[in-house]
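Biologist: I would like to learn how to read a protein model. Could we go through it one feature at a time?

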Amino acid sequence: MVARTDQEFQDLKKRVHFYVVERLDEEGIEVGKSDRQTLQEFVEANVTGFIMQHRVPLSTQDLNLLVKELYDEVTGFGPLEPLLADGRINDILVNGPQDVFVEIAGVLQRTSVRFIDDDHVIRVIRRIISPLGRRLDESSPMVDARLPDGSRVNAIIPPIALDGPSISIRKFTQKHLTAHDLVNTGSMTPECLDLLINAVESRRNILVSGGTGTGKTTILNLLSQYIPRDERVVTIEDSAELSLNHPHVVRLETRPANTEGTGRISARELVINALRMRPDRIILGEVRSGEIIELLQAMNTGHEGSMSTIHSNSARDAIVRIETLLAVNGYDAGERAIGRLIGSSLDIIVQLVRLPTGRRYISEVVAMRPTEEDPCHMDYLYRSEEHEPSGVV
């Protein structure tokens, strides 16, 4: 049997896909209302029939692969299906039809997965967002969405994406790392864990800081497990990722604008609303904008033990970023007043680091100890042995 190149296989797949879709329409088969076995048999019969009718030279291995990929095209998200099913994969990054990367154990690597062309990528994006009533076209070329399993999806297409449509997926997992897992893998020491548990139980306001992919949500989820069971917790997220094994949780999620550009609900609005819901603690998935004002004020006025995360490369940088967010979002106060607000609201900053090898760990835990001279003075409570000094005073 003649070996087929990858491009020849993709061209064949495109032709067979159109044929199978036409046959589905002719037979009046609705994918959403048909069982898995019926669709599997239908796809297999029609793919095999097409190959025989057109006398396409194809090995048994390639035929089986073609049937599998066409089934994924008809019932799911095409080439993304095996990546979504792989429990080792945390992130899926599609930079174009031929460039698909995944992150496994903190390390990015290229895959052999291919789309047929740009139109194929866009088709899959639209299949993801269509149940949500979202639009993707030249007038609205960016979209955030969520897969049925809770995975977070961001997609962007031309003319904004210059080299073709792009997809970024952060996979949702029900299996969160436990404290035992994190200690065993060296992400923290038993002493660090005891320190953090005590901070949660004693209602310290905690900010988890780190760069992209350092495991901020993992640590926030872990800390949340130690909240006393008799407290009422309100969580606020852009995409629900926290999984609190707690009897009294109210989960809130932001909402983007609809196709008419209305209906957006921001994190700031949800924090304001959460304060009216009698929470003992507020857990904000990530600080990005004006919600920082209400969060700090809540931490300072009876909602001790609240938590959030922020993108930052050090504990000191996290303070600078908060100061910037307050300034650009209309918090009208002098530098010293801003410092006092931060220093009196936050108690603990947990800094995370990810090494080039993919290993993630807690590099330092600092306590906010305001003084007359420095309202944002920090003291070390914990520092990893492998962490280089960052100049925190």
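Modeller: We will take the sheet, the salt bridges, a pocket and an aromatic pair in turn. Keep in mind that this is a predicted model.

Biologist: Let us start with the sheet. In what order do the 6 strands of the open sheet lie, and how do they pair?

Modeller: Strands of a sheet pair through backbone hydrogen bonds, and the pairing can be parallel or antiparallel. Here the open sheet of 6 strands has antiparallel pairing, and the order is 3-2-1-6-5-4.

Biologist: Which strands stand at the edges?

Modeller: Strand 3 (107-110) and strand 4 (142-146) do; each has a single partner strand, so one side of each has no neighbour in the sheet. From one strand to the next, the twist averages 15°.

Biologist: How many bridges join strand 2 to strand 3?

Modeller: There are 4 bridges between strand 3 and strand 2 (residues 99-104), and the two strands run antiparallel. One bridge to look for pairs Val-102 with Gln-109 in strand 3.

Biologist: Next, the charged side chains. How many salt bridges does the count give?

Modeller: A salt bridge is called when a side-chain nitrogen of Lys or Arg lies within 4 Å of a carboxyl oxygen of Asp or Glu. By this rule there are 18 salt bridges. In one of them, Lys-13 pairs with Glu-69, with the closest N and O atoms 3.0 Å apart.

Biologist: Which helices hold Lys-13 and Glu-69?

Modeller: Lys-13 lies in helix 1 and Glu-69 in helix 3 (residues 60-75), so the pair ties together parts that are 56 residues apart in sequence.

Biologist: Is Lys-13 buried or exposed?

Modeller: Buried means under 20% relative accessible area. Lys-13 has 2% relative accessibility, so Lys-13 counts as buried.

Biologist: What about Asp-91: which residue is its salt bridge partner?

Modeller: Asp-91 forms a salt bridge with Arg-170, and their closest N and O atoms are 2.6 Å apart. This pair links strand 1 (residues 89-96), where Asp-91 lies, to strand 6 (residues 166-170), where Arg-170 lies, and the two residues are 79 residues apart. Asp-91 is buried, at 10% relative accessible area, while Arg-170, at 25%, is partly exposed.

Biologist: Which residue does Arg-360 form a salt bridge with?

Modeller: Arg-360 pairs with Glu-103, and the closest N and O atoms are 3.0 Å apart. Arg-360 is in strand 13 (residues 360-368) and Glu-103 in strand 2, 257 residues apart. With 23% relative accessibility Arg-360 counts as partly exposed, whereas Glu-103, with 5%, counts as buried. Salt bridges can also share partners: Lys-13, Glu-69 and Glu-73 are joined into one network in that way.

Biologist: Now the pocket. What is the volume of the second largest pocket?

Modeller: Its volume is about 280 Å³. The lining has 14 residues, and those closest to the centre are Leu-65, Glu-69, Ser-112, Val-113 and Arg-114. Helix 1 and helix 3 each supply at least two residues of this lining.

Biologist: Last, the aromatic rings. How many aromatic pairs does the structure hold?

Modeller: The structure holds 1 aromatic pair. To read such a pair, note the angle between the planes: under 30 degrees is stacked, over 60 is edge-to-face and the rest is tilted. The ring centres of Tyr-19 and Phe-50 are 5.3 Å apart and the planes stand at 55°, so this pair is tilted. Tyr-19 belongs to helix 1 (residues 6-27) and Phe-50 to helix 2 (residues 36-53), with their positions 31 residues apart.

Biologist: Which relative accessibility does Phe-50 have?

Modeller: Phe-50 is at 5% and counts as buried, whereas Tyr-19, at 22%, counts as partly exposed.

Key: Residues are numbered from 1 along each chain as its sequence is written. This is a predicted model: local features need pLDDT of at least 70, side-chain atom pairs count only at pLDDT 80 or more; totals for chains, interfaces and linings use all residues. Side-chain values use heavy atoms; hydrogens and water are left out. Rings of Phe, Tyr and Trp (its six-membered ring) pair if their centres lie within 6.5 Å; planes under 30 degrees apart count as stacked, over 60 as edge-to-face and the rest as tilted. Buried means under 20% relative accessible area, exposed over 50%, partly exposed in between (1.4 Å probe, protein chains only). Two strands pair if DSSP finds at least two bridges between them. Axes are lines fitted to C-alpha atoms, for helices over the stretch in contact, and angles run from 0 to 180 degrees between N-to-C directions. On a 1 Å grid over the protein atoms alone, a cavity is a set of points where a 1.4 Å probe fits but cannot get out, and a pocket is an open set with protein on both sides within 12 Å along at least five of seven lines; lining residues have an atom within 4 Å of a point. Grid points are joined across faces, edges and corners, and a volume is the space filled by probe spheres set on the points.
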